[in-house]
Amino acid sequence: MAAVELPDGEVVEAQDMTGLELAQAQGVDAVAMVADGQLCDVRDRLPATGRIRLVTAEDPLALEVLRHSAAHVLAHAVRRLFPDVKLAIGPAIRDGFYYDFEFPEPPRSEDLERIEQEMGKIVKEDLPIERVELPKAEAVELLRRGGEVYKQELLDDLQQREISFYKQGEFIDLCRGPHILSTGGVRHFKLMDLAGAYWRGDAERTMLTRIYGTVFPSREGLKEHLRRLEEARRRDHRVLGPQLELFSINNEDIGAGLVLWHPKGARVRQELEDFWVREHYRHGYQLVRSPHIGRARLWERSGHLEFYREGMYSPLNVEGQEFYLKPMNCPFHIDIYNSRTHSWRELPVRYAELGTVYRYERSGVLHGLLRVRGFTQDDAHIICRPDQVEEEIRSTLRFALHMLRTAGFSEFAVYLSTRPAKFVGEPERWDLATEALRRAVQAEEMRYEVKEGDGAFYGPKIDIDVADSLGRAWQLTTIQFDFNLPERFDMSYTGEDGHLHRPYMIHRALYGALERFVGILIEHYGGAFPPWLAPVQAVVLPVTEEQIPYSEAVAAQLTAEGVRAEAWGRAGKTLRWLIRQAQLQKVPYMLVVGPREAEEGKVALRLRTGEDLGPQEVEEIAARIEQAARSRTAEL
RNA sequence: GCCGGCGUAGCUCAGCAGGCAGAGCAGCGGUUUCGUAAACCGCAGGUCGGAGGUUCAAGUCCUCCCGCCGGCUCCA
């Protein structure tokens, strides 16, 4: 007997029937069921024992099923309009679904509308979605007749004897399921985009056309989703960057993926860097600096030319010698370490550098500040003894969280990546390092997830993702062991025993890259930086032209007290206009001065939040801003 | 790199099927002297991303290049 939980919580016993039959008997509108946490088709037979849950369309778990069915409706519509398309795959994804097709003629973006309309018809027709099981030989024959070369390839990989298809009206598709019961359930959908996608993600193979869409059980769900997309668009750092005069990047003369930091963006970055430098000194790091280029032999020795050449800029030739722009800082730091011998007593050595590197990224993957070709890593290399490894990882984790929390993030996800199939170094070292990583996260009481075999070929690692204000995850911190470079550069220290030993080396970046980090911060804060990062902290706004001299005096006084303040008064500009400008520039503090304030030597404080705090002494306001900046809170 | 979309004034965009390059904002000049998200009037501003080509005529059509945007296994 299987115990089946109904959506209202009631549990009934059932056997020898399908989930669908039970649902119909119970008058339940089930679209899927969950057995052992696995989503499965409600058309399946109930298992003999175990606990099953029937899921309705409203259940969040059903969303995946709905999306997958929507992908079929999309394929159905495309097949009707373009009978010669070949179908590839059409899964549910995080925000919706897609389907990959091979079109005889690539469709144009205008075709999306037609396809959407046809999908609407199929939904209205409310075609029952049925499952058809075929013996493998028949399945092969069916796909062969239809000329479905991609589906045939998928079928070749399947081991089962019975192959499932799903059929709705005249449309049939090889599919694992599960699916909702009829096309009528796919009401609130929208096609989002058209894109190219290689078959199986392989650039060597055919370029297919991918159509993206999204679908929700309710109109409100769809509207809310579109609203969130709009909100993300409003916070897009590529839009806010130029608007807030932070940076520019689309300059044909300079080159793709190369960033110009304008004064305000440079100020934000400078504040971050100042903080970063101070904290690194406080945490026992030594700062070093290294050049932007190095001779070919350096990169030969490091192995970069052998394994990372794709990612490097072409060499420069100077006086018959080849130089490369650095894609990483590590070889330089190692060279500093190797410039003399080291005793076991002086480890750990921690070298840190805001090191600007250049990497060749394929033109199509560049994206604002988030993916660029020239960027500054907040890099460091920790060189230590085996007995120090665990404590180094622990303190680095604490340090990372401190840096991320200060920047305004409070939700983290930690991932531990272990040894991959192809690796260098001794397994014993891998084990020690991996265990040290594991014990360190446990000791810090951080929840973490293991990504088995996902480490780099040269060592295991821990990555930290943060969630921003819209709940999006960004990978920032990475802490990686390296068993490759210490060998290649023959790094050593003299142990207590008087012999030379190979040290452990850990690469780590906390923010990742300054460019990317600032991009993420812009989106996280929607451009409204906390006082310590705001490029302009306060603007003084005169009510009439009469108060311009006074407003300038106030700004000068604040500047003298260390506040980033500007006087914005201009002939002919009303207070309303000035406030609007300040709001658009997201300046945290607006200091209004009219005749009354000028008379009393005060200013009226208005916050970016719209709050009006009335007249105050200038010193009072300076103290307030300094306090907010010093504490690095987001509070104004 | 590849597929699709795009590039018109500093910014946002209009310019339909080739036929004299437009608007709003910003800028500049003036008027207004104004109390918490856009006062009013005027002026100036463009090798239509670049280079070729088709045409009597190209912002518009074709080719190449540059740059930007969405995407390129979240696997039936």
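Here's a quick tour of chain A and the RNA strand beside it. Keep in mind that what you have open is a predicted model.

**Stop 1: the domains.** Colour chain A by its domain assignment: domain 1 is 2–56, domain 2 is 62–232, domain 3 combines 247–290 with 326–525, and domain 4 is 538–631. Now put a centre on the C-alpha atoms of domain 1 and another on those of domain 3; the two sit 49 Å apart.

**Stop 2: the surface around the RNA.** Select everything within 4 Å of RNA strand B. You should pick up 59 residues, of which L174, C175, R176, E545 and R576 come nearest. Colour that selection by residue class and you get 25 nonpolar, 15 polar and 19 charged.

**Stop 3: the RNA's side of things.** Flip the selection and pick the atoms of RNA strand B within 4 Å of the protein: 51% are sugar or phosphate, and the rest belong to bases.

**Stop 4: three polar contacts.** Zoom in on D193, where a polar side-chain atom lies 2.6 Å from a sugar or linking oxygen of RNA strand B. Then hop to G364, which puts a backbone N or O atom 3.4 Å from a base oxygen of the strand. Finish at G572: here a backbone N or O atom is 3.3 Å from a base nitrogen of RNA strand B.

**Stop 5: the elements behind the surface.** Switch to cartoon and show α5 (149–156), β12 (188–198), β13 (207–216), α17 (575–584), α18 (595–600) and β32 (602–607), the elements that each give two or more residues to the surface near RNA strand B. Which one gives the largest share? That's α17, with 7 residues.

Definitions and conventions
Residues numbered from 1 in each chain as written. Chains lettered and ligands numbered in written order. Predicted model: local features only at pLDDT ≥ 70, side-chain atom pairs only at ≥ 80, totals over all residues. Heavy atoms only, no water. Polar contact = N/O pair within 3.5 Å; in protein donor to acceptor, adjacent residues only side chain to side chain. Helix = DSSP H or I, 4+ residues; strand = E, 2+ residues; numbered from the N terminus. Nonpolar A, V, L, I, M, F, W, Y, C, P; charged D, E, K, R; others polar. Domains from an automatic or database assignment.
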